[in-house]
Structure formats: C-alpha cells, structure tokens
Amino acid sequence: MAKETVGYVQLEWTCPFCGTRNPGPNKKCSSCGSPQPEDVQFEQAAQEELIADEQLIEKAKSGPDIHCPFCGTRNPAGATTCANCMGDLTDAEARAKGKVVGKYRKEAAPDIACPFCGTMNPANAHTCSNCNGNLHEPAAPQPAAPPAPQRRLGVAGIIGIVAIIAACIFIFSLFLRTDDVNGRVSTVEWTRSIAIEALVPVERSAFIDEIPAEIEVYDCRRQLHHVQDEPAPDAEKICGTPYTVDTGTGIGEVVQDCQYQVYEDYCRFTVDEWQQVDVVTERGANLNPIWPQPQLTSDQRLGAEQQQFEVIFESDGERYTYTTDSADQFARFEIGSEWILQVNQLGGVVSVEPAR
Ligand SMILES: [Zn+2]
Ligand SMILES: [Zn+2]
Ligand SMILES: [Zn+2]
C-alpha cells in the first residue's frame, strides 16, 4: 500500500488540571496556563478541516515536538534551549509520532449543547459562548457489551457425528475383510487401445503480454491485470478511507492508503494444439493380446496407450471377475487353471494367487 497525504488538520489536547480542550499547536492551556504534560495525548477535533496555513504544515513536517527535561514544556523540534525555563534541550525526549488517532472526520459534526446552560455551540467550540463553561466534560465509560454466547454442539449433533463415523468404518470394513475362494479360469478377455491425436485449431484467451507476437489476436478488451503500489499510466487509483495520524506537533496528518489497478488488453486467439481425435481398439478372448496398428495421416500422431485384462473365474456355480492392467500377469491365466481368490464382502476379487 502506498501512503498518500490528503492534508493536515489541527488536533486538540485536554488540560488534565482544568479540563479545558486546547488547540493542538498551543503548548500551554488557554484557561489555566499549565504546559501540556508529556503523557497527555493529542485527540481529534469533532470536525476536522484541512488547514491552509503553510507555516503550520511545515511545522507538522519538521518532526515531533520535544519536552524540556527540566520543566516539561513542549518545544518545537530542533530547539536547543527551552522557551519557558531556558534549560538545555540536548537530552530532551521527542513526542511519539505516527499513532493513528482515528478516521478523518470530514463531515460536519452536529452542534453541542452546553452541559451547564443548554446553549447550542458549534462542534469545534471548547467553551460555551453564553456561560464560558467547559463543553467537553469527560464522558462516562461505556459498559462493555456482554460476550456473545458460544455455540455448542448439542447431544444430537454428537450422536449424529458418531453414527456417521461408525457407518464409514462399517463400509470400509466391507472392502477390507476378505474370504479365500477356490476358482477355475473360465474366460479371459483383453482390450488394448491407442489414442490418435491431430493438430486442431483451439480458441484460447490471455493477456496480450502472454501471447507470442506472431499470433493474430482479436476481440481484445481491457481487463484487470494486477494491483500494485506504484502509480502507472492508465492505472485506476483505489484508496481506502482517509485517517488522521498524530505527528507529535499538535497537527494531524490526514493520510490514505492507495493502490493502483493496472488494466491490460485481454484477447482471444487461435492456436493449433495436439488433441485426441480418435481411439482405435483391439479386443480378444485369448492370452495373446496385440496393439492396434492404425494408419496415420501426415497431421496425426499416436497418443496415450491403455490396456485392460479381465479374467472370469468359476467356483461352485459362482462367477468372479478379476481385472488387471498387467500383461505379464494376464499371460499366466491359462483356461482351466486353478487359483485362490481373495474376495471381499461385496464380491470383488482383491487379489489372486495360483492354487498349489
Ligand atoms: Zn488548564
Ligand atoms: Zn523548560
Ligand atoms: Zn453554557
């Protein structure tokens, strides 16, 4: 995210001795004259207006104020002697800067009623225009919201989950438990197939920078390519909600985090790609499988090969089917030969071995 300065606004601080709210740049309380202590934070005004005063803006940019180690008075960054007590400021501590004080309060804030005489005053006023009373009495702390009740799994839910797990274990066990069965090979079948591929024009789409230059493109339209922090020509700037940051000078910097959406041409194009156009298959009911020998045209090539072998066993009138993709294993299933089959609870043959 790239940070952008929207402008500068005046912050405020509340005098801990008399409760008066003071303009941020004021180093002493306008009511009782006490200097702003180091631990008194700057706050947002009820309504923030961007300031035009170049001197104040320069001050905000010059770095946080420093507090005199002898009398505590705030002095501007770079000062060498305290404006209040003339003390040496070499070891003075700078105020913290960079803290987010809140969302930029751009909107007009409603007038506030004086807690003493009821007179309505502008939101940014500190003292009542009628009775001179303090308009910002410290507010009572808000009661904390009760914690949201946590969702618990009911007894029915637990029973349901246990039942599902039990069912899974049962079904799984049907596949795992096997019985030995003596079987005799009655039929064998083999299938061998080869895919035929050809160069076929295929429509694709991609960003223009990913398409080789020699390929003709059409139907181009602007589409979001990526988002970046740095500005770029034709990029669309997207910014978050502006917020006010304490600069440590009584002036707040209003900033927003921005990113740039970069658009590029997304186009359609046609390329030739190898694709499966046909499959040729040979089948037989013997132990001598062969591969198909297709005649290829000049723009074709052979693709993936597949083979599947099926053996039917007979045992006391029952038929069991065993399949394998191993030609070596298939060659051993002479018609009439005796085998021991491992059969699972669903009647599937899991493995076979020759009977002694
Ligand atoms: Zn005061
Ligand atoms: Zn001092
Ligand atoms: Zn009043």
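Cysteine 18 is partly exposed, at 32% relative accessibility. Cysteine 32 is likewise partly exposed, at 39%. Here, buried means under 20% relative accessible area, exposed means over 50%, and partly exposed lies in between (1.4 Å probe, protein chains only). The model is predicted: local features need pLDDT of at least 70, side-chain atom pairs count only at pLDDT 80 or more, and totals for chains, interfaces and linings use all residues. Residues are numbered from 1 along each chain as its sequence is written, chains are lettered from A and ligands numbered from 1 in the order in which they are written, and side-chain values use heavy atoms, with hydrogens and water left out.

Both cysteines belong to the site of the zinc ion (ligand 1), whose protein donors are Cys15 (SG), Cys18 (SG), Cys29 (SG) and Cys32 (SG). These lie 2.2 to 2.3 Å from the zinc ion (ligand 1). Donors are N, O and S atoms within 2.8 Å of the metal (3.2 Å for Na, K and Ca); water is not among the atoms, so sites may look incomplete. The spacing of the donor residues in sequence is C-x2-C-x10-C-x2-C. Cysteine 18 sits in the loop between strand 2 (12-14) and strand 3 (21-23), and cysteine 32 in the loop between strand 3 and helix 1 (54-61). The pair links parts of the chain 14 residues apart. Helices (H or I, at least four residues) and strands (E, at least two) are DSSP runs, numbered from the N terminus. Angles among the four donor atoms are 100 to 120°, and the site is tetrahedral. Four donors count as tetrahedral if all angles lie between 85 and 135 degrees.

The zinc ion (ligand 2) is held by Cys68 (SG), Cys71 (SG), Cys82 (SG) and Cys85 (SG), at 2.2 to 2.4 Å. Its donors also follow C-x2-C-x10-C-x2-C along the chain. Cysteine 71 lies in the loop between strand 4 (66-67) and strand 5 (74-75), and cysteine 82 in the loop between strand 5 and strand 6 (93-94), so the pair ties together parts eleven residues apart in sequence. The donor angles of 103 to 118° make this arrangement tetrahedral. Cysteine 71 is partly exposed, at 29% relative accessibility, whereas cysteine 82 is buried, at 0%.

An open sheet of three strands has the order 5-4-6, with antiparallel pairing. Strand 5 and strand 6 each have a single partner strand, so one side of each lacks a neighbour in the sheet. Strand 4 joins strand 5 through two bridges; strands pair if DSSP finds at least two bridges between them. Isoleucine 66 has asparagine 75 as its bridge partner in strand 5.

Strand 13 (residues 243-246) has the highest confidence, at 97, and helix 2 (residues 155-176) the lowest, at a mean of 84. Mean pLDDT (the predictor's confidence in each residue, from 0 to 100) is 91 for the protein chain. Strand 13 pairs antiparallel with strand 7 (residues 100-103) over three bridges. Strand 13 also pairs antiparallel with strand 14 (residues 251-284), over four bridges. Tyr243 and Val245 point one way from strand 13, Thr244 and Asp246 the other, and all are buried.

The largest nonpolar core has 17 residues. Such a core is a set of buried Ala, Val, Leu, Ile, Met, Phe, Trp, Tyr and Cys residues joined through side-chain atoms within 4.5 Å. Phe313, Phe333, Leu341 and Val352 have the most contacts inside it.

How values were computed: Tetrahedral: all angles 85-135°; square planar, octahedral: opposite > 155°, others 65-115°.
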